[in-house]
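User: I would like to go through a structure with you, starting with the way its chains meet. May I put it up here?
Analyst: Please do.

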Amino acid sequence: MEGESGDITVTSANRKGSAVTGSARKIKDNAADWHNLMLRWEKLNEDGFKVAANVVNIRGSPSDRQLAHESSSPSLSSSPAELQNECRKLQDIVHKMVVVVMKMERLLTSQRGIQDLEEFQFAPEGRKSPLFHTWNTKQFEELSQVLLDAFSQELKLKQTILQELAHTWTSDLCMVYLSCWLHQPFIPPETRLTLEALLLETGHRPL
Amino acid sequence: MSKPVLTSLHQALRKSFQCLENNQKVWENVLAECSPLMVSLGNLAEQSTALSNVQISNTPLRAFPDLEERLRFKLLQATDTVLNKLSEKMSSLQSVRDAISNQVSAVFQLYEQSTDSLDLLTVTERSAIAPSVADMLEWLQDAERHYRQQFLRRKTLLQTLRADNLSLLESAPKRWKSLESPSAEDNITDTLCKVSFFMESP
């Protein structure tokens with residue numbers, strides 16, 4: 001996914017360059033925003049995974065801790081502060097993810113607005129010819145909903161992991177948390193395809 | 001009479017050692033690329049095992065009823081990706097093995113065709129810069145056998161792996177590593193050193 005980040009660059013220059021206006025303009029910009037937000041999410045997810053792995057490593061397994069306690073090793077005494085620090089970092093990252101999802105919600109709202117406008121301008125069945133290639137305006141809204149649902153659910157999972165990670169003692173469960181964080185079970189592979197379809201339809205990617 | 005035959009045999013030997021030298025590097029590189037893949041394979045298996053050991057409904061994750069299924073799907077998908085990459089690497093290893101085998105069997109064919117005109121002395125005679133034909137043939141054969149065996153062992157290991165057999169997957173990195181045979185690799189490097197003057201001579 002990372003490698004594709006350079007494929008489209010959305011700058012104010014090429015926004016002006018194409019002569020799309022009105023609803024089409026808005027939908028096209030929204031598509032670019034979806035792309036950028038999803039990239040941002042990926043980046044946050046990677047960073048977050050490193051921090052989450054640190055949390056688990058610092059805390060160590062229960063047996064390690066017991067050993068350290070018995071030998072009252074001073075080298076591990078800095079652990080709580082370090083752990084606190086890493087947890088705070090993870091909290092920051094999750095907070096940034098919340099912001100990303102909020103922005104995604106706004107995209108959906110904007111898409112709904114376009115849909116409402118369309119129904120006002122034309123009959124409820126919408127405009128006669130599609131704005132871009134083949135999709136009708138409703139489909140953009142539906143797609144945005146699918147993407148938003150996936151990311152909202154994944155965000156809930158991250159928030160749960162954030163709360164529980166530092167308080168979990170069984171190593172299997174820690175592993176499951178990390179595994180969930182990394183593999184993002186609520187963001188299925190189709191999400192990427194959905195985004196690509198959106199980019200293709202709106203002309204960000206050449207047909 | 002034996003002189004032109006010996007010259008062409010020497011040419012063929014030079015070509016084979018050249019081929020061996022090039023392919024030895026390719027082989028090493030491909031194997032080096034396999035190591036991180038094997039490690040991630042083991043990691044993924046560990047994650048799947050952990051998931052099986054945890055009763056999601058007894059954890060704070062119970063709020064996500066379809067989580068286990070979804071995570072398992074993602075893990076299987078990731079495992080599949082790694083296995084695919086490994087099988088691509090295996091084709092690279094296979095082409096190394098094939099290149100060496102073909103080259104060595106060509107030399108042996110040439111040698112067998114010319115046995116009539118080569119007497120024992122010519123075949124076993126060596127000089128300060130060139131090892132004897134017999135020695136060089138033997139070294140080539142050893143190298144060829146090494147790559148053939150290595151390829152088969154690694155291929156067999158990968159073929160027994162299944163995305164749903166976690167214990168096999170978990171032990172795979174260790175077993176993969178145990179197939180390493182540094183002494184055989186060293187022998188090949190030694191061989192290439194021993195023929196270095198021979199290869200430079202016209």
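User: How many salt bridges does the rule find across the interface of chain A and chain B?
Analyst: Zero salt bridges are found across the interface of chain A and chain B. Please note that this is a predicted model.

User: How many residue pairs are in polar contact between chain A and chain B, then?
Analyst: Seven residue pairs are in polar contact between the two chains, with both residues at pLDDT 80 or more.

User: Which helices of chain A each supply at least two residues of the side that touches chain B?
Analyst: Helix H5 (137-164) and helix H6 (171-183) of chain A each do so. The largest share of that side, eight residues, comes from H6(A).

User: And how do the residues on that side divide by class?
Analyst: On the side of chain A that touches chain B, eleven residues are nonpolar, five are polar and three are charged.

User: How much area do the two chains bury between them?
Analyst: Chain A and chain B bury about 1800 Å², with 75% of it on carbon and sulfur atoms. Chain A gives 19 residues to the contact and chain B gives 21 residues.

User: Changing topic to chain B: at what angle do the axes of H4(B) and H5(B) cross?
Analyst: The axes of helix H4 (residues 133-160) and helix H5 (residues 166-178) of chain B cross at roughly 170° and come within 10 Å. H4(B) and H5(B) are therefore roughly antiparallel to each other.

User: Which residues make that contact?
Analyst: H4(B) contributes Arg154(B), Leu157(B), Leu158(B) and Thr160(B), while H5(B) contributes Leu168(B), Ala172(B), Arg175(B) and Trp176(B). By class, the contact has five nonpolar, one polar and two charged residues.

Definitions and conventions: Residues numbered from 1 in each chain as written. Chains lettered and ligands numbered in written order. Predicted model: local features only at pLDDT ≥ 70, side-chain atom pairs only at ≥ 80, totals over all residues. Heavy atoms only, no water. Axes fitted to C-alpha atoms, helices over the stretch in contact; angles between N-to-C directions. Helix = DSSP H or I, 4+ residues; strand = E, 2+ residues; numbered from the N terminus. Parallel < 35°, antiparallel > 145°, perpendicular 65-115°, else oblique. Contact = heavy atoms within 4.5 Å. Nonpolar A, V, L, I, M, F, W, Y, C, P; charged D, E, K, R; others polar. Buried area = accessible area lost by both parts, 1.4 Å probe. Salt bridge = Lys/Arg side-chain N within 4 Å of Asp/Glu carboxyl O. Polar contact = N/O pair within 3.5 Å; in protein donor to acceptor, adjacent residues only side chain to side chain.
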